[in-house]
Amino acid sequence: MFSKGQIIFGVLFAIAFIIVMVFMYRKDLKLHKLHYRGVLWILLAFIGFIGLIASIKFIFM
């Protein structure tokens with residue numbers, strides 16, 4: 001399906017992308033802590049809402 005060169009390129013690209021993303025996240029960590037303080041609660045509420053919808057679907061179907 002993929003050639004050996006395409007697989008090597010994909011793996012190297014993924015590794016480089018992850019390294020750059022970690023570096024940029026660490027660089028902006030102070031700004032993240034300042035501007036995105038309550039974001040964890042929003043994430044938990046969203047996951048809970050999706051779980052509620054899924055449980056309703058499985059209960060009534």
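**An elongated chain of three helices**

With 61 residues, a compact globule would be expected to have a radius of gyration near 10 Å, yet the protein chain comes out at 20 Å. The C-alpha trace tells the story in another way, spanning about 50 × 40 × 10 Å along its principal axes. These values come from a predicted model, so a word on confidence is useful before going further, because predicted coordinates should not be read in detail where pLDDT is low. Here the mean pLDDT of the protein chain is 93, and 100% of its residues reach 70 or more. Confidence is highest in helix H1, at a mean of 96, and lowest in helix H2 (residues 29-35), at 87.

The fold itself is easy to follow by eye. The protein chain contains three helices and zero strands, and reading along the sequence gives the pattern α-α-α. Helix H1 covers residues 4-27, helix H2 covers residues 29-35, and helix H3 covers residues 39-60. The UniProt record, an unreviewed entry, lists residues 6-26 and 38-60 under "transmembrane region". In the model, residues 6-26 are 100% helix and 0% strand, with 30 Å between the end C-alpha atoms. Residues 38-60 are 96% helix and 0% strand, and their end C-alpha atoms are 34 Å apart.

Surface values add to this picture. Buried residues make up 0% of the 61 residues in the protein chain. The accessible surface amounts to about 6,300 Å², and carbon and sulfur atoms account for 79% of this area. Individual residues show what such values look like in practice. Met1 sits in the segment before helix H1; with a relative accessible area of 95%, Met1 is exposed, because the cut-off for that class is over 50%. Two residues of helix H3, Leu43 and Ile56, can be set beside Met1. Leu43 has a relative accessible area of 44% and is partly exposed, and Ile56, at 41%, also counts as partly exposed. Both fall in this class because partly exposed covers the range between under 20% and over 50%.

Distances between C-alpha atoms help to trace the course of the chain. Met1 and Val20, which are 19 residues apart in sequence, lie 29 Å apart in space. Within the later part of the chain, Leu43 and Met61 are 18 residues apart and separated by 27 Å. For Ile56 and Ala16, with their positions 40 residues apart along the chain, the C-alpha separation is 42 Å.

Side-chain contacts between rings were searched for across the whole structure, and two aromatic pairs were found. One of them joins Phe13 and Phe17, whose rings are stacked, at 6.3 Å centre to centre and with 15° between the planes. Why are Phe13 and Phe17 about one helical turn apart? The reason is their spacing in helix H1, where the two residues are four positions apart. Phe17 is also partly exposed, with a relative accessible area of 48%. Taken together, the ring pairs link Phe9, Phe13 and Phe17 into a cluster. Another ring contact involves a charged side chain: Lys57 lies over the face of Phe58, at 5.6 Å from the ring centre.

Terms used. Residues numbered from 1 in each chain as written. Predicted model: local features only at pLDDT ≥ 70, side-chain atom pairs only at ≥ 80, totals over all residues. Heavy atoms only, no water. Buried < 20%, exposed > 50% of the residue type's maximum accessible area, 1.4 Å probe, protein only. UniProt positions renumbered as here; feature names shortened; annotations may be inferred. Phe/Tyr/Trp six-rings, centres within 6.5 Å; stacked < 30°, edge-to-face > 60°. Lys NZ or Arg CZ within 6 Å of the ring centre and 35° of its normal. Rg over C-alpha atoms; globule rule 2.2 N^0.38 Å. Areas by Shrake-Rupley, 256 points an atom, 1.4 Å probe, with all protein chains shown as cover. pLDDT = per-residue confidence, 0-100.
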